[in-house]
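Thanks for sharing this one with me. Here are my notes, written as numbered points so that you can follow them with the model open beside you.

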Amino acid sequence: MPRAPRIAIIGGGIGGLAAALALERRGAETIVCEQAPTLSEIGAGLNLTPNAIKALRALGVEDRVNAIASLSNFLNIRSWKSGRYISRTRRGDFKEKFGAPNLSVHRADLLGVLAGALKTTDIRTGRRAVAVEGRQHNAVARFADGSEIEADIVVGADGIHSAVRKSLFGAGADAPRFTGCICWRGMAPADAVPRDIAIDDGALWMGPHGHVVHYPVRRGELLNIVAHFDSDAWTEESWTRECDVSEVTTTYAGWNSQLTRLYPCSTRWYKWALYDRDPLEHWSVGRATLLGDSAHAMLPYLGQGAAQAIEDACVLAAMVAKFSDDLDAALAAYERIRAPRAKAAVLGSRARAKENHLASPWARLKRDVKIALRERFGGGGPKRDNTAFQVGWLYEYDVGKEMG
Ligand SMILES: Cc1cc2nc3c(=O)[nH]c(=O)nc-3n(C[C@H](O)[C@H](O)[C@H](O)COP(=O)(O)OP(=O)(O)OC[C@H]3O[C@@H](n4cnc5c(N)ncnc54)[C@H](O)[C@@H]3O)c2cc1C
């Protein structure tokens, strides 16, 4: 019997653990090397669109995700000052329409589900990769402590500031451009949230130069809030930089009081500058490849970063199983299947960035009318896509069905 392929995954985040789970379910021997001393996640929310839920279904963890997730029946798009409802997209029928619901989770809870489902993966924490070499018949990862791991394939799932990407493609491959937008995130306990906020619905407030999203996580115990605004007052990309709530209240002074009263309900606020990156031309060198943000970091406007990472994981594992006697072909097929879709998500997110922050009242009115009409009558295409931003093409994909 041929031996199982040995796959080393650098990074124990959402993409890395999803890859480990997908690969071990297909019979591979998997090792995850995570730089942090424990597997952990930032205290933020994650919106999981139907395609992400179908990918989690393919990993066999849909029920466990349901147990920790919140289901919003509506996505309410609202106007910044008056609070007027621009549209109320019914998410309750996404299951029927796209084959899975839209759920939101706490990132740490999702990581816990993925970690808890792993059976045979060897997890090594406190291992920071500094270089990866993709060779003709194997790949080697080198770590800050001087150790090395040789495997049939090394997968760089080490996130937006990927050391693996840099090692394989050079520092020039990562050319982040500051978007001129700053984000703040907070998390409010549900019982602190004013009663006039429909905590069970997802909301998107759009105004001049900014937008704010909030949705429930941890089965409605917490409200996740993310606020975006055009500004160059901060340029650091870290996701863990704490700041004072006054920055948020000052930035959104003049916005609807239903929204501004939410901000002090979170005791902690974090901020980061948003950077954009062009899609990579290639993901693999020899037997080393990339997955998730390291391959296709994207702006957050379509809520697809984690979704695309989990889809990558399913496809990589399926290709490794299909071409188990030719792993070069497996990596080529992985990239061929995944790169176009991931690139479309990167570019689609970039396009949305402009529309969310329109400054001209006339342009905003035109946009709002378009959104309202789409919600009511459906957009173009045979399925009359009635999602506010015409993202049915992303949601309808079922990686489990595609990969068999
Ligand atoms: C606040 C916020 C909200 C978001 N909301 C959404 C959303 O609603 N929907 C959505 O789909 N996406 C969302 N995203 C994007 C999504 O979280 C990312 O796209 C996703 O986490 C990518 O997963 P990943 O595994 O590629 O990277 P990460 O989750 O960043 O994981 C990378 C892992 O690699 C480890 N690592 C890094 N360098 C090394 C190294 N040298 N050696 C070893 N380990 C290393 C890190 O410690 C980390 O554990 C959001 C992101 C943020 C920050």
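1. Let me start with Arg338. Setting aside neighbours within four places in sequence, Arg338 makes contact with Asp312 and Val315. Arg338 itself sits in helix 11, residues 327-356. Please keep in mind throughout that this is a predicted model.

2. Is Arg338 buried or exposed? Its C-beta atom has 25 C-beta neighbours inside 10 Å, and the cut-off for a buried residue is 20 or more, so Arg338 counts as buried. Leu291 is 47 residues away from Arg338 along the chain, yet the two C-alpha atoms are separated by 9.6 Å.

3. Helix 10 covers residues 305-322. Of its 18 residues, 16 are buried, so the helix is mostly covered. Its length also checks out: at 1.5 Å a residue the helix should span 26 Å, and this agrees with its end C-alpha atoms, which are 26 Å apart.

4. Now to the ligand. Which residues come closest to it? They are Gly11, Gly13, Gly15, Gly292 and Gly305, out of 33 residues that surround the ligand. Several elements give two or more residues to this shell: helix 1 (14-25), strand 2 (29-34), strand 3, helix 9 (293-296) and helix 10. Helix 10 gives the most, with four residues.

5. You may like the composition of that shell for setting up your own calculations. Its residues divide into 15 nonpolar, 13 polar and five charged.

6. Strand 3, which appeared in the ligand shell, also belongs to an open sheet of three strands, in the order 3-7-4 with antiparallel pairing. Strand 3 (45-48) and strand 4 (70-71) each have a single partner strand, so one side of each is left without a neighbour in the sheet. Between strand 3 and strand 7 (residues 103-106) there are four bridges, in the antiparallel sense. Within this pair, Asn47 stands opposite Ser104 of strand 7. Helix 5 (residues 107-117) packs on the sheet and touches strand 3 and strand 7, with its direction at about 90 degrees to that of strand 7.

7. There is another open sheet, this one formed by eight strands with mixed pairing, in the order 6-5-14-15-16-13-18-17. At its edges are strand 6 (85-90) and strand 17 (241-243), each of which pairs on one side only. From one strand to the next, the twist averages 20 degrees.

8. Inside the eight-stranded sheet, strand 14 (residues 202-207) runs antiparallel to strand 15 (residues 210-217), and five bridges join the two. Which residue of strand 15 is the bridge partner of Trp205? That partner is Val212. Helix 12 (residues 361-377) lies across strand 5 (74-79) and strand 6, and runs at about 30 degrees to strand 6.

9. Finally, have a look at the hairpin of strand 10 and strand 11. Strand 10 (residues 139-143) pairs with strand 11 (residues 148-151) over four bridges in the antiparallel sense, and Val140 stands opposite Glu150 in strand 11. Four residues lie between the strands of this hairpin, where Gly146 takes a positive phi near 90 degrees.

Terms used
Residues are numbered from 1 along each chain as its sequence is written. This is a predicted model: local features need pLDDT of at least 70, side-chain atom pairs count only at pLDDT 80 or more; totals for chains, interfaces and linings use all residues. Two strands pair if DSSP finds at least two bridges between them. Axes are lines fitted to C-alpha atoms, for helices over the stretch in contact, and angles run from 0 to 180 degrees between N-to-C directions. Two residues are in contact if their C-beta atoms, placed from the backbone, lie within 7 Å. A residue is near a molecule or strand if its C-beta atom, placed from the backbone, lies within 6 Å of it. Ala, Val, Leu, Ile, Met, Phe, Trp, Tyr, Cys and Pro count as nonpolar, Asp, Glu, Lys and Arg as charged, and the others, Gly among them, as polar. A residue is buried if 20 or more other C-beta atoms lie within 10 Å of its own, exposed if 12 or fewer, and partly exposed in between; C-beta atoms are placed from the backbone. The expected span of a helix is 1.5 Å times one less than its number of residues.
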